[in-house]
Amino acid sequence: MKKLTTALVSLMLLVFLLPAAFAADANTVDIRFYDAKSDSYLTAVQLNQVQLTLNGTSITGDVPAVLQAENGGTRTLIPVRLVSEQLGAEVVWLPDASQVMILYGDDTILLTIDSSTALVNGQSVTLPDEIPATLVYYQGSVRTMVPLRFVAEVLGAVVTWDGDTMTASISTVADDTASIADETDTSVTDTSANISASDTGLFTGVQFDAVAQTFSILTDYTTQYVLEDFGSRLVVDLLGAELSSDLPDALSSSSDFIAGIQYVQFGDSLGYACDHTVRIILTLAENVTLEDNLTVTSLTNGVCFSLTGAPVTDTGSNTTVNSAARTVVIDAGHGGTDPGAYYESTSEKDINLAVALKVQPLLIAQGYNVIMTRSTDVFVDLYERAAIANNINADLFVSIHSNASATSKTAQGILTYCYPGSTRGETCGKIIQKNITAATGANDRGVLTENYVVLRETNMCAVLVELGFMSTHEELEKLVDDSYQTKLAQGITDGIVEYLNTLD
């Protein structure tokens with residue numbers, strides 16, 4: 001913990017106040033901050049955009065870093081996923097707990113929306129200036145924003161500021177390639193005095209029984225553990241455990257209800273009064289929850305999770321996947337704390353979901369497997385949407401959105417996006433665009449390309465359909481009309497069927 005402790009102490013003493021004199025020609029962006037009390041996004045504020053570089057190379061994301069003035073000073077806020085992943089960390093969004101988990105080497109950082117404290121390997125740390133992690137909305141995307149220096153310094157980087165160019169430069173330490181956790185001192189000088197009787201065991205692996213539908217975490221000692229439920233993920237802390245030398249670099253559950261496994265060795269930093277703890281993070285399969293589907297049993301040498309209730313979707317779709325049929329992922333854009341565009345008391349997320357739920361049964365009737373990224377008003381991270389499709393090796397990903405114009409109140413029509421350079425995306429986009437405009441009689445605005453996350457991060461053919469302009473009153477009236485939504489859904493379905501038939 002030597003290096004990490006030093007970094008945290010320095011961090012708590014450091015106030016990240018940037019020069020108040022902004023460059024006159026700085027770019028500005030309109031950002032909407034989330035307000036937990038009203039469960040809505042506040043009126044947009046205009047902030048100076050900050051350029052980010054990592055080791056001299058510019059890095060950009062779908063939501064920019066910004067400079068925010070507060071209490072006479074300024075601070076840089078950055079999308080936590082952008083910088084963390086660029087530094088080699090893994091970022092996990094826990095929607096049920098409104099938390100972001102950053103996994104970096106052997107270190108775990110847990111940020112909670114609207115909280116000015118974070119947990120770093122179980123140790124509570126105050127964010128700079130006591131600024132809480134927050135959600136922001138920008139041009140259709142929602143991201144968790146935190147002070148730049150917190151993420152950079154905890155992940156072992158150095159930040160410098162150039163007020164003339166409005167650039168925050170992040171540099172990794174060239175002569176210190178080891179992770180923070182690599183320098184953690186977990187050695188015990190007097191084992192008989194410092195390790196309890198139970199603090200002598202090993203985490204030896206995992207086991208899946210397909211017949212009994214059980215998944216077990218195995219140890220070689222009488223296991224003591226703490227289980228935390230984060231909805232789509234479970235965190236199991238094995239108290240007094242160390243990693244077996246026989247463990248592979250990656251573990252696979254081979255189960256139907258555990259989608260992923262990660263494990264991290266901790267010393268005495270989690271507050272359990274034992275010198276060694278192994279933290280295991282279980283990612284549950286889609287539609288599986290601890291409360292509804294799993295029973296936990298303590299074993300003499302481990303922990304067993306039994307599938308007691310079949311995972312079911314809340315969409316009414318068939319719960320089994322026909323391996324002989326093609327699989328389509330339907331993505332209703334936005335949702336939950338992310339409303340999307342908002343005009344005349346109507347949120348884009350509601351239109352998108354209504355149409356998506358009409359597409360689903362039409363495709364099922366055609367014999368396709370249909371997976372919904374969301375079927376209710378919930379927030380799903382953009383990267384998680386792509387991961388859902390990738391994890392099931394879907395044949396097609398179709399994201400449904402509604403458009404808006406900040407400059408025109410008369411713009412109308414439907415358009416479809418594909419990823420730049422994607423031949424299959426362009427082909428699919430043209431087919432869906434043709435069918436949906438034929439079904440609705442709407443203005444055909446063609447197929448465009450864009451570097452959207454759900455188009456870039458999906459492994460299969462992916463398109464994003466813009467159903468019409470909410471910013472135009474006449475078209476908004478159509479978009480909220482049930483019969484017109486049915487036409488939109490039929491057009492999307494017809495396009496999907498025609499495209500998939502070209503693959504046969």
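**Group meeting: cysteines, cores and two unusual backbone angles**

Let's start with Cys 274, which is buried, at a relative accessible area of 11%. Keep in mind that this is a predicted model. Cys 304 is buried as well, and its relative accessible area is 9%. What about disulfides, how many does the structure hold? Zero.

Next, the nonpolar cores. The largest one has 41 residues. Which residues have the most contacts inside it? They are Leu 52, Val 83, Ile 102, Leu 111, Leu 148 and Phe 150. Apart from that core lies another, of 37 residues. Its members include Ala 332, Val 355, Ile 431 and Ile 432.

Now the backbone. Take Glu 344. Glu 344 is not a glycine, yet its phi is positive, at about 50°. Where does Glu 344 sit? In the loop between strand 26, residues 342-343, and strand 27, residues 346-347. Is Glu 344 buried or exposed? Neither label fits, because its relative accessible area is 47%, which makes Glu 344 partly exposed.

On to Asn 393. Here too phi is positive in a residue other than glycine, with a value near 55°. Asn 393 lies in a loop as well, between helix 7, residues 382-391, and strand 29, residues 396-403. Why does Asn 393 count as exposed? Because its relative accessibility is 63%, and the cut-off for exposed is over 50%.

To recap the cysteines: Cys 274 is buried, Cys 304 is buried, and the structure holds zero disulfides. For the backbone, look at Glu 344 in its loop between strands 26 and 27, then at Asn 393 in the loop between helix 7 and strand 29.

Terms used: Residues numbered from 1 in each chain as written. Predicted model: local features only at pLDDT ≥ 70, side-chain atom pairs only at ≥ 80, totals over all residues. Heavy atoms only, no water. Core = buried A, V, L, I, M, F, W, Y, C linked by side-chain atoms within 4.5 Å. Buried < 20%, exposed > 50% of the residue type's maximum accessible area, 1.4 Å probe, protein only. Disulfide = S-S within 2.5 Å. Helix = DSSP H or I, 4+ residues; strand = E, 2+ residues; numbered from the N terminus.
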